[in-house]
Amino acid sequence: MSAALQMTASSALLEVNNIEVVYNDVILVLRGLSLSVPQGKIVALLGANGAGKSTTLKAISGLLKTEEGAVTRGEIRFGGDRIDGIDPHVIVRRGIFQVMEGRRIISDMTCLENLRLGAFIRSDKEVTRDIEMVYSYFPRLKERTGLAGYLSGGEQQMLAIGRALMARPKLILMDEPSMGLSPLLVKEVFGIIRKLNEDLGITILLVEQNARMALSVASYGYVMEQGKVVLDGTAEALASNEDVKEFYLGGHGAERKSFRNLKSYKRRKRWL
Ligand SMILES: Nc1ncnc2c1ncn2[C@@H]1O[C@H](COP(=O)(O)OP(=O)(O)O)[C@@H](O)[C@H]1O
Ligand SMILES: [Mg+2]
């Protein structure tokens with residue numbers, strides 16, 4: 001183990017070290033991915049569609065198992081303990097909760113029923129109090145008594161985050177919370193993400209294609225491409241990095257060139 005690795009291992013809540021992920025025994029998607037999330041921080045994981053961001057989150061939460069995926073190399077540590085290969089419900093009990101892409105609330109249940117579902121690992125006593133805590137962050141959810149399927153996109157995203165809070169997580173993995181939301185709602189949701197981090201000290205690994213928003217709340221960020229981290233740095237450094245600006249912040253439209261081909265791009269070999 002290198003000196004750098006040893007140092008981060010002792011200070012980070014989550015350590016992903018050089019993992020490889022394979023689906024269906026053959027499809028290699030993550031090719032030696034490493035990242036680290038310090039206790040109490042928001043870390044952004046950026047990258048174009050198909051880069052492997054959701055796969056990374058599922059590797060951490062254990063949900064890969066439900067998709068015939070597996071971590072075949074490297075290791076994932078949470079609070080110092082290995083968690084790769086452990087069942088997802090055990091990982092939830094350890095304190096990691098993933099808010100899935102596309103929100104995945106249960107549409108034919110009410111808001112309240114969805115929230116109670118998030119607390120499945122806990123005893124009833126604290127649940128009522130926690131529901132009030134969730135409502136204090138998302139007052140609109142309290143007013144919605146109908147089925148969750150009738151909520152707006154923004155409200156569904158809020159419910160998905162609220163449900164995660166009900167599990168009292170130490171670490172929330174958020175997969176593209178801005179997806180499909182209006183700019184105004186994106187702002188609102190990110191404001192709440194920042195508040196949850198500040199008020200409750202919840203550590204957050206935030207996957208986003210909306211790099212500008214993600215870097216505005218995160219303290220550190222990683223950019224991934226084709227299953228690997230190609231660049232990382234403080235949020236300020238990334239936000240002012242010319243390559244990141246050109247690729248993610250410049251508004252060059254959907255036709256993006258490969259990050260690897262950008263002129264000033266230098267591959268970092270931090271973990272090798
Ligand atoms: N269950 C799966 N089985 C096989 N391949 C998958 C599966 N899920 C994702 N992939 C592939 O892995 C790659 C990365 O996907 P994903 O992690 O969803 O990327 P991102 O979230 O960055 O858009 C894609 O090429 C995708 O087709
Ligand atoms: Mg994804």
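These exercises work through a predicted model, one site at a time.

Residues are numbered from 1 along each chain as its sequence is written, and chains are lettered from A and ligands numbered from 1 in the order in which they are written. In this predicted model, local features need pLDDT of at least 70, side-chain atom pairs count only at pLDDT 80 or more, and totals for chains, interfaces and linings use all residues, while side-chain values use heavy atoms, with hydrogens and water left out.

**Exercise 1. Describe the shell around ligand 1.**

Step 1. Count the neighbours. The shell holds 13 residues, and the closest are Gly50, Gly52, Lys53, Ser54 and Thr55. A residue is near the ligand if one of its heavy atoms lies within 4 Å of it.

Step 2. Sort them by class. There are 5 nonpolar, 6 polar and 2 charged residues. Ala, Val, Leu, Ile, Met, Phe, Trp, Tyr, Cys and Pro count as nonpolar; Asp, Glu, Lys and Arg as charged; the others, Gly among them, as polar.

Step 3. Find the polar contacts, meaning pairs of N or O atoms within 3.5 Å. Within protein, one atom must be able to donate a hydrogen and the other to accept it, and residues adjacent in sequence count only if both atoms are side-chain atoms. Glycine 50 places a backbone N or O atom 2.7 Å from a ligand 1 oxygen. Lysine 53 brings a polar side-chain atom to 2.8 Å from an oxygen of the ligand. Serine 54 has a side-chain N or O atom 2.8 Å from a ligand oxygen.

Step 4. Check the cover. Ligand 1 taken alone exposes 560 Å², and the protein buries 68% of that. These areas come from the Shrake-Rupley method with a 1.4 Å probe; for residues, only the protein chains shown count as cover.

Step 5. Assign the elements. Strand E2 (27-38) and helix H2 (53-61) each give two or more residues to the shell. H2 supplies the largest share, 3 residues. Helices (H or I, at least four residues) and strands (E, at least two) are DSSP runs, numbered from the N terminus.

**Exercise 2. Decide whether H2 is mostly covered or open, and look just past its end.**

Step 1. Count buried residues. In H2, 9 of 9 are buried, so the helix is mostly covered. Buried means under 20% relative accessible area, exposed over 50%, and partly exposed in between (1.4 Å probe, protein chains only).

Step 2. Link this to the ligand. Lys53 and Ser54 are among the buried residues of H2.

Step 3. Move on. Glycine 62, just after H2, has a positive phi of about 85 degrees.

**Exercise 3. Examine the buried acidic residues glutamate 155 and aspartate 84.**

Step 1. Place glutamate 155. It sits in helix H7. It counts as buried because its relative accessibility is 5%.

Step 2. Find its partner. A polar side-chain atom of glutamate 155 lies 3.0 Å from the backbone nitrogen of serine 152.

Step 3. Place aspartate 84. It lies in the loop between strand E5 (81-82) and H3. Its relative accessible area is 17%, so it is buried.

Step 4. Find its partner. The side chains of aspartate 84 and arginine 82 make a polar contact at 2.8 Å.

**Exercise 4. Locate two non-glycine residues with positive phi.**

Step 1. Take glutamate 176. Its phi is near 50 degrees. It belongs to the loop between strand E7 (171-175) and helix H8 (183-200).

Step 2. Take glutamine 226. Its phi is about 45 degrees. Its loop runs between strand E9 (220-225) and strand E10 (228-234).
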